[in-house]
Structures are given as C-alpha cells and as structure tokens.
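Subject: Structure for your review

Dear colleague,

Here is the structure I said I would pass on. My notes follow below it.

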Amino acid sequence: MSVRLQRWLVVGVVFSAAFVLLGLSVARQPLALDVAVSNALHGVYAEPLGRVAQAGSDVLGPVLPYVLGVALLALALRRREHFGLCVRLAVVLLLCRLTSLVFKPVFLRERPRDYPDLSYPSGHVVSVASTGFVLLLLCAWVWPRLVRRVAAAVAVAVVLSAACRVVLGVHWVTDTIGAVLAVTGVGLLSACALRLLPPGDGRSLDG
C-alpha cells in the first residue's frame, strides 16, 4: 500500500469518526449554533423564501443519485472499457447514500419542527454530496481537466442544498455538516478499498 493511499485512508477514518462524534454530541440536545439558526429562521418556510427553498430542495435532493446511476449505466454500455470503473463508482455511490438511511435510526435525532423521519444526517445533503463525490471520481479518471470545475459546482450544490433544508426548518445546521462528514469519510474509505484513489493519470481502471 502506497503512502499516499494510506493518507487517504487516514483522512477517511478521521471524517467518519468526526461524523459519529458529532452525531453523538447532538443526538439528545442541539448545539447553540443549531438553536440560534433555527430561531432566526422560525416560520420562514411558510414565506416566499421558503417556497424558493422548497423548489431548490426538490432539485438538490434524493433524485440526484438515481440520475447519476443511470448516467453511469449509460457510460458503461457505451464505452465498455469503462465498465469496471462504472461498477466501482456505483458501489461508492450506494455506500455513500446509505449513510443517511443507516445512521438516522442510530442517532434518533428529532427535527427542528414537526416533520416525518429523523434528522441526522440530512438525507438531501447526503444525496447531493454522494453524487458530487462520485462525479469527482469519474472526472478524475475519465475527464481530469474538468475536476476543478466540477469540484466548484459540487461545493456550491452542497451548500445550496444544506441552506434549503435549514431554511425550510426540517434540519439543524449540524445535520448538514454531518452529512458532508459522512459522505466524505465513507466515500474515501470505499474509494480506497475499490482502488479508485488516487486516480493517477486519468485513465480508467480498465484502460
């Protein structure tokens, strides 16, 4: 195992541990930051800004991993030399997305207001971050020149998704932070295990 790969594994473990520790610290009582932001935005979800946030949340949410999954399938069928790469990326996407479904019942955190389902981590932000993480891996292997642009777009999308959920009053700020920690940690660990990090010279694993 290379030193660089070991470093990525350590980073993945650190992010995963940070996700768990944050979840444990906020499971029973929100942080002061959570309370302050929630109070400042109380009732905003029913105002025009709330409708804008709802529209943004409809787009930047659970639908994105499905869209990317279809795109990976199309790429695998169109360019057979990338079949193995696409399969591995799909596995990373699935594992990252599962962080919300698996860990919400573990932490049992309530929402800021009455709303179905549990709160930590935010499923919407997990979806956007998972999609973005796998997109970055895909670009690093197939279209390396696009990595910086995609990274910037992913960062903006994640922030917007988090902002929409907080404005709607259905998530605490730390729910969105935890989502990013979870996806980054699980994403790095699974990508390392599947030989997707580091991507080297941009060629596919099968090329």
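**Salt bridges**

D34, R109 and D175 are joined in a network of salt bridges. Please keep in mind that this is a predicted model.

Within that network, R109 and D175 make a salt bridge through their side chains, with an N to O distance of 2.7 Å. R109 sits in the loop between helix 5 and helix 6 and D175 in helix 8, so this pair, 66 residues apart, links distant parts of the chain. Both of these residues are buried.

The structure holds 5 salt bridges. Another of them pairs the side chains of R111 and D117, at 3.9 Å from N to O. R111 has a relative accessibility of 9% and therefore counts as buried, while D117, with a relative accessible area of 51%, is exposed. A further salt bridge is formed by E81 and R79, whose closest N and O atoms are 3.3 Å apart. Here E81 is partly exposed at 37% relative accessible area, and R79 is partly exposed at 30%.

**Pockets**

The largest pocket contains about 490 Å³ of space. Its lining is made up of 20 residues, and those nearest the centre are G132, F133, L136, V154 and T184. Helix 6 (123–142), helix 7 (147–167) and helix 8 (173–193) are the elements that give two or more residues to this lining. Helix 7 supplies the largest share, with 7 residues. By class, the lining of the largest pocket has 18 nonpolar and 2 polar residues, and no charged ones.

The second largest pocket has a volume of about 190 Å³. It is lined by 17 residues, with S38, L41, H42, P112 and G169 nearest its centre. Two elements, helix 2 (32–40) and helix 7, give two or more residues to the lining. The largest share comes from helix 2, which contributes 4 residues. The lining of this second largest pocket divides into 9 nonpolar, 6 polar and 2 charged residues.

**Surface**

A nonpolar patch of about 670 Å² lies on the surface, made by F83, V87, V91, L94, L95, L98, L101 and V102. Of these, F83 lies in helix 5, which covers residues 83–107. F83 counts as partly exposed because its relative accessibility is 46%, and the cut-offs for that class are 20% and 50%.

Regards

How values were computed: Residues are numbered from 1 along each chain as its sequence is written. This is a predicted model: local features need pLDDT of at least 70, side-chain atom pairs count only at pLDDT 80 or more; totals for chains, interfaces and linings use all residues. Side-chain values use heavy atoms; hydrogens and water are left out. Patches are made of residues with over 30% relative accessible area and no salt bridge: like charges are joined within 9 Å, nonpolar side chains (Val, Leu, Ile, Met, Phe, Trp, Tyr) within 5 Å. Accessible areas come from the Shrake-Rupley method with a 1.4 Å probe; for residues, only the protein chains shown count as cover. A salt bridge is a side-chain nitrogen of Lys or Arg within 4 Å of a carboxyl oxygen of Asp or Glu. Buried means under 20% relative accessible area, exposed over 50%, partly exposed in between (1.4 Å probe, protein chains only). On a 1 Å grid over the protein atoms alone, a cavity is a set of points where a 1.4 Å probe fits but cannot get out, and a pocket is an open set with protein on both sides within 12 Å along at least five of seven lines; lining residues have an atom within 4 Å of a point. Grid points are joined across faces, edges and corners, and a volume is the space filled by probe spheres set on the points. Ala, Val, Leu, Ile, Met, Phe, Trp, Tyr, Cys and Pro count as nonpolar, Asp, Glu, Lys and Arg as charged, and the others, Gly among them, as polar.
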